[in-house]
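Colleague: I am new to this one and would love a close look at a single part of it. Could you walk me through the sheet and what surrounds it?

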Amino acid sequence: MLVPMDLYSLVQRKGYLSPEMAIGWKIGTYVEECFDDLSEVGVAAVSDDDATLALLHLIQRHGYPGQIVVPESARPWDFLFYHLTTGTQLSFTLIKKRIELPQEIRELEPELCAHNHEELERYQASLDFLVKSILREPVTSFSFIRQTRCRRLQTQNEEEQLVHCHHCGSLIPLGKAWDLEGDICCLSCAGLEPVWGIYH
Ligand SMILES: [Zn+2]
């Protein structure tokens, strides 16, 4: 299998290439192209798995310290990127049936062992096929991408005036309000991770 050079060094280090690693790498390189690089990008992922590992590998490759937020509560996406310079948010939701092994192959998992050559080979071939298709196909073949714009509300008002969040109605200081596609809202309704609020 032809593995991209950047990903290859991670595969060498870990000793395997999983579908999650391929997913993280594909999404990371897609985002890197959108924003030119990953230095000014906040990254969050719902699970701390091989995909997160591949993302971290991409970020750190250029010497950035790299930090990926893994929230403790549920989120409406699998990966979220926030470009600090432009206020662009890109969220990715994985399409489960495109990133999973077929049912009959998954059923082999409990039986897999070194003595069971035929099944092991079938399983490996299916896994290779899945990884290859993730690497070859565009990101949109296995995930939904959503783009929104959100920036700190620009205000001349020095006083701590309160405003209502357009989405949840909570009262927030004007100086802490966000502009989400033209709506005034709180950090949480803007869809940002709390730690990113301090960057602005
Ligand atoms: Zn709100």
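Modeller: Happy to; here is the sheet, then its helices, then the domains. This is a predicted model, in which local features need pLDDT of at least 70 and side-chain atom pairs count only at pLDDT 80 or more, while totals for chains, interfaces and linings use all residues. Residues are numbered from 1 along each chain as its sequence is written.

Seven strands make up an open, mixed sheet, in the order 2-1-3-4-5-8-9. Helices (H or I, at least four residues) and strands (E, at least two) are DSSP runs, numbered from the N terminus, and two strands pair if DSSP finds at least two bridges between them. Strand 2 (68-69) and strand 9 (183-185) are the edges; each has a single partner strand, so one side of each is left without a neighbour in the sheet. Strand 9 runs antiparallel to strand 8 (residues 178-180), and three bridges join them. Leu-180 has Asp-183 of strand 9 as its bridge partner.

Now the helices. Helix 2 (residues 19-34) packs on the sheet and touches strand 1 (41-45), strand 3 (79-83), strand 4 (88-94) and strand 5 (143-152). A contact means C-beta atoms, placed from the backbone, within 7 Å. The direction of helix 2 makes about 160° with that of strand 4; axes are lines fitted to C-alpha atoms, for helices over the stretch in contact, and angles run from 0 to 180 degrees between N-to-C directions. Helix 3 (residues 50-60) lies across strand 1 and strand 2, at about 165° to strand 1.

Finally, the protein is divided into domain 1 (5-97 + 137-145) and domain 2 (153-199), with bounds from an automatic or database domain assignment. Seven residues of domain 1 are in contact with six of domain 2.

Conventions
Contact = placed C-beta atoms within 7 Å.
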